[in-house]
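Here is a short tour for a first look. Keep the sequence and the 3D view side by side as you read.

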Amino acid sequence: MAASWLLRTGFVVLLGLAAVAPASAANPGSEMTKLTDEDDTFTSPDGQVIIEQYWKDKGEYDRVYEYWAFDAKHEHGVLLNRDQYTDDARYPAGFRFSPNSQWVVRMQKLGSGTHTLFLYRRNGSRFSEATPKPLGDMVWDYFYSQPISRQIHRKSGDRDSIDHPQIHLVKGADDNYASQGRHWPDSRYLVLSLSFDAQGEDHPLPWVEDWQCVFDTKTDKFSIPSDLAKNNAETIDYPAPKRK
């Protein structure tokens with residue numbers, strides 16, 4: 001029964017509890033089809049982990065994806081997306097490893113113009129979710145704790161009604177953002193970008209494009225360095241005045 005439970009759930013999710021035991025017998029199963037394009041497979045910088053994507057049709061118009069991490073010999077497989085996140089896996093994903101290969105960001109399309117992020121921690125051939133809920137959700141929580149959310153007249157509950165909500169990983173994680181003049185500890189920080197618009201609103205409120213913050217993988221805390229604060233002050237867009 002224990003082995004069946006591990007196979008079904010993939011890995012333990014609760015942050016701070018036991019990490020996942022390597023599922024040596026785990027694999028996608030014959031009902032899954034592997035994506036074979038080169039851009040759909042991702043290898044860690046140390047060459048020890050390969051992430052592959054598989055899909056199957058679930059109903060006539062529904063497709064679900066599974067994201068599997070394997071060791072270099074393809075002997076030990078770990079399912080990265082849990083059962084309760086099936087609805088968040090209806091499209092292929094992108095994956096970005098940290099330079100030290102200990103973290104991996106899943107960049108996930110959710111639908112037309114919507115996008116979120118998940119963060120995983122690696123320990124050898126084991127993987128666990130690195131945050132208590134999807135990293136993208138945590139970015140929204142942080143955004144709504146900031147004065148900008150009041151400046152654009154929006155509350156936390158508005159997130160379900162805004163159009164095209166997107167969270168993205170800002171380019172530069174591969175070199176710890178050294179190309180942007182950063183001198184950060186190896187693989188510790190992630191720069192994240194938040195955007196949405198007001199297309200579905202009868203009376204549009206201001207919206208945000210490319211508001212940025214930094215996530216610290218060591219402390220699970222967010223921050224806004226001074227240069228990003230300057231950028232963020234210019235990310236608010238206002239509806240055009242109505243013509244008389």
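## Cavities

The structure holds 2 cavities of 30 Å³ or more. This is a predicted model. The largest cavity has a volume of about 50 Å³. Its lining includes Ser98, Pro99 and Trp103. Ala173 and Asn176 also line this cavity, as do Ser187, Arg188, Tyr189 and Leu190. Thr217 is another lining residue. Sorted by class, the lining has 5 nonpolar, 4 polar and 1 charged residues.

## The nonpolar cores

Which residues touch the most other members of the largest nonpolar core? They are Phe143, Leu169, Leu190, Leu192, Leu194, Phe196 and Phe222, in a core of 36 residues. Several elements give two or more residues to this core. Among them are the strands β7 (103-111), β8 (114-123), β10 (163-169) and β11 (189-197). The strands β12 (207-208) and β13 (211-216) are on that list too, along with helix α2 (135-144). The largest share, 7 residues, comes from α2.

Take Phe143 as one example. Setting aside residues up to four places away in sequence, Phe143 touches Ile148, Ser149, Ile152, Leu194, Phe196, Val208 and Trp211. There is also a second, separate core. That core has 18 residues, including Tyr65, Phe95, Tyr120 and Phe127.

## Met138 in helix α2

Met138 is found in helix α2. Is Met138 buried or exposed? Met138 counts as buried because its relative accessibility is 12%, under the 20% limit.

Now compare sequence with space. Met138 and Lys221 are 83 residues apart in sequence. Their C-alpha atoms are 9.7 Å apart in space. Beyond four places in sequence, Met138 touches Thr131, Pro132 and Lys133. Met138 also touches Phe215, Asp220 and Phe222.

## A buried glutamine

Gln53 sits in strand β3 (residues 49-57). Gln53 is buried, because its relative accessible area is 0%. What does the side chain of Gln53 reach at 3.1 Å? The partner is the backbone oxygen of Asp40. A polar atom of the Gln53 side chain also lies 2.7 Å from the backbone nitrogen of Ala93.

The wider surroundings of Gln53 come from several parts of the sequence numbering. Leaving aside neighbours within four places, Gln53 is in contact with Thr33, Lys34, Leu35, Asp40 and Phe42. Glu66, Tyr67, Pro92, Ala93 and Phe95 are in contact with Gln53 as well.

## Thr114 in strand β8

Thr114 lies in strand β8. A polar atom of the Thr114 side chain is 2.8 Å from the backbone nitrogen of Gly111. With neighbours within four places in sequence left aside, Thr114 is in contact with Gln108 and Lys109. Thr114 is also in contact with His164, Pro165 and Gln166.

## Two histidines with positive phi

His74 has a phi near 60 degrees, a positive value in a residue other than glycine. Where is His74? His74 lies in the loop between β4 (63-71) and β5 (77-79). Its relative accessible area is 38%, so His74 is partly exposed.

The phi of His153 is also near 60 degrees, and again the value is positive in a residue other than glycine. His153 is in the loop between α3 (147-151) and β10. His153 counts as exposed because its relative accessibility is 55%, over the 50% limit.

Conventions:
Residues numbered from 1 in each chain as written. Predicted model: local features only at pLDDT ≥ 70, side-chain atom pairs only at ≥ 80, totals over all residues. Heavy atoms only, no water. Core = buried A, V, L, I, M, F, W, Y, C linked by side-chain atoms within 4.5 Å. Buried < 20%, exposed > 50% of the residue type's maximum accessible area, 1.4 Å probe, protein only. Helix = DSSP H or I, 4+ residues; strand = E, 2+ residues; numbered from the N terminus. Contact = heavy atoms within 4.5 Å. Polar contact = N/O pair within 3.5 Å; in protein donor to acceptor, adjacent residues only side chain to side chain. 1 Å grid on protein atoms, 1.4 Å probe; cavity = no way out; pocket = protein on both sides within 12 Å on 5 of 7 lines; lining within 4 Å. Points joined across faces, edges and corners; volume = space filled by probe spheres on them. Nonpolar A, V, L, I, M, F, W, Y, C, P; charged D, E, K, R; others polar.
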